[in-house]
Structures are given as structure tokens and as C-alpha cells.
Amino acid sequence: MNDEKINEALLKQERGFSLVWFIPVLAFIVSGWLIYNEYINSGVEIQIEFDTGTHLVAGKTPLKYLGIEVGQVKEITINNHKPNKVVVIVELKKQASILAKKGMIYWIVRPRINLNHISGVETILSGTYIEVKPPSYDINEIKKLPTQKIFIGKNSPPSLSVEEQGVHIKFQSNTKGELKFESGIYFKDIKVGHILNFKLNKNHKTIDYDAVIYHKYSWLLEKDFCLWRLKFIDIDTSLKGIDFDLKSLSFLYMGGVELGILRDRKKDVKRRVYHLYESKKLAISDLIKKSKAKKINLISKELHNISVASPIFYKKFPVGEILQYDLSQDGEYINVQGIIYAKYKHLIKQESVFWLLSGPELEVKTDSIKIHTPSVKALFTGGIEFKNVDIVLSQNEIAKGYIIHNSVKEMNKFINSKTPGLRVILHSKQKNSLEYGSPVHYRQVVVGYVQDVDLSKDAKEVEIKIFIENRYKHLLYSNSKFWKSGSMSADFSLFRGLKIETESLKTIIKGGVSFATPEENRGVIAKNKDVFVLYEEPKEKWINWNPALFK
């Protein structure tokens, strides 16, 4: 009985699941998952043939596309069929397997330095890597390409297509000069493109150039532009001296082209081939002849800071520029030629007046004081400004050209000399604070100003020329009295207290003149060049004169 129970127990124990089998089963499942996962996520192996495997390391050197790591060098071996070549086995990541297509270009990125180009500098820190470029950036087109796993690598980066680099342009020149493949095209010393190739035209008279303007600078082509050669040494002789423009050494070997924009012209959309001028001067001169800009002739006693391309301003806004200048035949003055851009040429009038821009200048009028400050650009490049005034110029003055006055002050003197009004002379023992622009008052109203202060011919007196505005000239008679104003007077009385009388701030700063006309025996109305005495102080009766004066 006991034996039967023991056997029954043994039978029951053998029928249960043994833990001994759990570990092998678990190991089998994990191994199967790892193999499946490796299969699912494994990439594609490709072979790339290179001339050398220098700096390539198996298990470390990455394959990159647009700067992103998409694979890694797995093995480097000698090509069995070409002992002078190496075969690099690269494993692409699963998501990059589309790069195993026909037409893919592979190359090794290393630091490359030559006279005109530097590339691969980032590899100095990050190390050498392999780069890939597809034949197209359209994913649908790439998918249609046949699969390929063996490639011939390039020794240098592939050249970008013209479409990838920028906008294609064509230009012609009579001579090739120093221009070469990849000679740069510059705008304000910034490289904006380069020459792609050149060839002799079928007419055997010109050289045809193909060039590209990079995408980020393609907006330059929306303007009407011109091209001229850049030289290693450019010497410009002018009245101001000799200017040397020395370029970098790369220009000595490669040459270059400058792109300039003529702001006055609209782009000619029909133009397909441009002319390469030998110099900037020839380019600008030719384009000005074809433009609708208004040419103006100006004359100046001195050149000062005027130079070619100096701006011409109207109300501080650039509306033109200086083209050229030369000494007159008699050597008395300088002829300056400028242009006013077509859209602003209506601003030029027969009565326009011009003056040089330099530092801040004070302009005193009968009713205001203004400070003229030129733009920052004018301070560095020089320039002139003009405005239109109500004056009458003689035909002789018009024929000579517009006068460039040396300052606002000189310009105002010229305007004043042409402005209708009354001009008389005062004699005084001392100048005191009187100067150009000092106001002239009648009953504390500004009716004119001092035009000039100088010694008389015999040097015994100071001669002061004053101007009375046309609308006030009826106030001055031959027996009118003038005195100096601008001081501060004080009157103290025990009963009335302290009384202080002052003129305007402008009069205190610049001095001034006042006059009064008697009620009776005033004489005749004053005329130009009449002479009066300027008294130091007024008599009380002069101040009390109160005549009725009508035009």
C-alpha cells in the first residue's frame, strides 16, 4: 500500500512544469527579439572607392548628409582589382537607406586651402568625414532611381549647379585681361558672385563670360547695374591729389569684377548680355549718357571736400551726385559737373542756390536762428546742398553755372544781395558785438539785419551795411536815427524800485541795431547807399517818436 502511494506521488511530480526549462526558453525569446530587431533596424551597406583612406577610421568616421550623421564607416580594405585604391564599407542607417541610389556623389571632407577658396575648416576640430550629395532634392525623383551599392568617390567637393548657386548672368569684354575661372564679382567689397567660364565669341571680337550672382545677393539684379574690371592697383589722379587703391594679393592673380548700381535708371528687362567696362569712370560716364538724369554745371572757388560721387542733397535727402570736376581755363575757379536723378530733376530751378556741407553752421534770419548740421555721410564723403529761393539771377550768372558757396553764411549773403529791399550804410566809432546777421529793429520788431561789418576806406570809422526788408523800407527816412541795441539797462528809483530792460536773447548774443523816425521834419524816404550815423545810445525823444507811416 505504501509503495503504491509513493509511485503515485512520483508520477504526479513528473507531470508538472519544471523551472529548469524557463531559462533556455527566455534566452531563446530574447535572442530571437534581438535578431529580429537588428534585422528590422539594420541599415544598408554600401562600398565607396577612394584614392586614399587617410584619416578614415573604421567604427568612428561618420557619413553625413546636410550636416546630419546618416551612417558610419564599418571597414576599410584594399581594392582587390585596383591595388592603388581603397574600398570603404559604410553602413547607412535604416532611415537613410534611400541614399543607396544611382547618381549619389560621395567625397571625403578635409581642410582645403587655395588662393581663392577655403573649405572644410570645421574638420580641424570635428575630424574628417564623408559627405553625400543626391542628384536631386525631390524625394519622389530619388525614389524612382535604381538601387546602387557600389560608388566611386570624388577627390573634392562637387561643383554646385548654377541653379543651386544663384542667378546666371552673361557679359562681354573686348579683352580677357586677368580674369579667370572663379574670379569674384564684388559689390562694395563684398563677394556676391563669381565667373563660371569664358570663351571667344564667334565674331572673334569679344570674350563671352558666364557668371553667377549668389541667391542671397540676387536682389542686386533687380536694379539697373553695370560691371567694370577691378585692378590690383588703381591710381586716380585729380585736383585733390593722387589716390592709390591697393587690393588684396588675390586680385593680382585672379582679378575681379565690380558691380555698380545706377540709382537713376530702371532695369532694362530686355537686356540679356551686359558689357564689362575697363574702369568705373568709363562705366558711369557711358551710363549717364543713356540716362534721363539732368546734368548741371557748377562753379566753385575751391574744391574743399568735393570728390567724384559726392552726394548732392535737397532738404538733407540725396537727389544727385558729383560726376567730375576740372580747373577752368583761366585758373580762376573749378568747374564741377553733377547730375540730379531723373525723379528729382524737377527740383532744379533757375533760382536754385548751392553751398558746401561741412560742420554745423549758424543761420540767422530776421525772425529765427537755425543751426545747419550735415548728414554723417556728407561729413565723410563731402557733399553739397541746394534750395530754391525767390531771387533774380542775371543771364551772365546763369550762363556760367550755379555757384557753390563755401558756407550757409556765404550763401545767405548772396541771397540777401539779390533780395529786394533797402540797403543803407551806418558809420560807428566801434564795432562792438555787431556782425553779419545781427538784427535791425523798429519799435522792437525785427525789420532787417546787418549784412556786413568792415572798416571805412580811411580806417577812421567802422562801416556797417544793413538791409531793410522791402515791406519795411517805408519806415526809414533821411532824418531817422540809429543806435546800438542789445545791452541790458537798469533804472533804480526809491519809489518805483528796480526796473530792468533787455532786448531779445538773439539781440543780446549777436548785438543789434534799432532806429526811429521823427513825427515831423523826417526828411525824404531813404534810398539805397544812404549814410547814417550809428549812436551808442538813443535819446529819450527818439524812443518816444510815434509817427504814422504808410506804404
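Analyst: In this predicted model, a residue counts as buried when its relative accessible area is under 20%, as exposed when that area is over 50%, and as partly exposed in between.

User: Why is E536 called partly exposed?

Analyst: The relative accessible area of E536 is 41%, and since partly exposed is the class between 20% and 50%, E536 belongs to that class.

User: What makes the contact of K484 and E536 a salt bridge?

Analyst: A salt bridge requires a side-chain nitrogen of Lys or Arg within 4 Å of a carboxyl oxygen of Asp or Glu; for K484 and E536 the N to O distance is 3.0 Å, so the pair meets the criterion. K484 sits in strand β32 whereas E536 belongs to the loop between β36 and α12 (540-544), so the salt bridge ties together parts that are 52 residues apart in sequence.

User: How do you know whether K484 is buried or exposed?

Analyst: K484 has a relative accessibility of 10%, and because the limit for buried is under 20%, K484 is counted as buried.

User: What makes D210 and K170 a salt bridge, and which parts of the chain does the pair link?

Analyst: The closest N and O atoms of D210 and K170 are 2.8 Å apart, which satisfies the limit of within 4 Å. The pair links distant parts of the chain, with D210 in strand β13 (residues 207-214) and K170 in strand β10 (residues 166-173), 40 residues apart. As for accessibility, D210 is buried because its relative accessible area is 15%, while K170, at 38%, counts as partly exposed.

User: How do you know that K74 and E45 form a salt bridge, and how many salt bridges are there by this rule?

Analyst: The N to O distance between the side chains of K74 and E45 is 2.4 Å, and the rule asks for within 4 Å, so this pair qualifies. By this rule the count comes to 8 salt bridges. K74 lies in strand β3 and E45 in strand β1 (residues 45-50), so this pair joins parts 29 residues apart in sequence. K74 is partly exposed at 47% relative accessibility, and E45 is partly exposed as well, with a relative accessible area of 37%.

User: Why are strands β28 and β36 said to pair?

Analyst: Pairing requires at least two bridges between two strands, and 3 bridges join β28 (residues 421-428) to β36 (residues 531-535), so the two are paired; they run parallel. One of the bridge partners in β36 is V531, which is matched with I425.

User: How do you know that β32 and β36 pair?

Analyst: Strand β32 (residues 481-485) and β36 share 2 bridges in the parallel sense, and at least two bridges are needed, so the requirement is met. Here W483 has Y535 of β36 as its bridge partner.

User: What is the order of the 7 strands that close into a barrel?

Analyst: The barrel closes in the order β28-β31-β30-β29-β35-β32-β36, with mixed pairing. From one strand to the next, the twist averages 35°. Helix α10 (residues 408-418) lies across β28, β30 and β31 (462-469), at about 110° to β30. In β36, F532 and L534 form the covered face, and V531, V533 and Y535 form the uncovered one. In general, side chains in a regular strand alternate between the two faces of the sheet.

User: What makes a set of residues a nonpolar core, and which residues have the most contacts inside the largest one?

Analyst: A nonpolar core is a set of buried residues of types such as Ile, Leu and Phe, joined through side-chain atoms within 4.5 Å. The largest such core has 25 residues, and those with the most contacts inside it are I296, L298, I312, I340, F354, I384 and F386. Among the strands that each supply at least two residues of this core are β19 (294-300), β23 (352-356) and β26 (384-388). Leaving aside residues up to four places away in sequence, F354 touches residues including I296, L298, I312, I384 and F386.

User: Why is L66 called exposed, and what is its phi?

Analyst: L66 has a relative accessible area of 59%, and because exposed means over 50%, L66 is classed as exposed. Its phi is positive, about 55°, although L66 is not a glycine, and L66 is placed in the loop between β2 (62-65) and β3 (68-78).

Conventions
Residues are numbered from 1 along each chain as its sequence is written. This is a predicted model: local features need pLDDT of at least 70, side-chain atom pairs count only at pLDDT 80 or more; totals for chains, interfaces and linings use all residues. Side-chain values use heavy atoms; hydrogens and water are left out. Helices (H or I, at least four residues) and strands (E, at least two) are DSSP runs, numbered from the N terminus. Buried means under 20% relative accessible area, exposed over 50%, partly exposed in between (1.4 Å probe, protein chains only). Axes are lines fitted to C-alpha atoms, for helices over the stretch in contact, and angles run from 0 to 180 degrees between N-to-C directions. Contact means heavy atoms within 4.5 Å.
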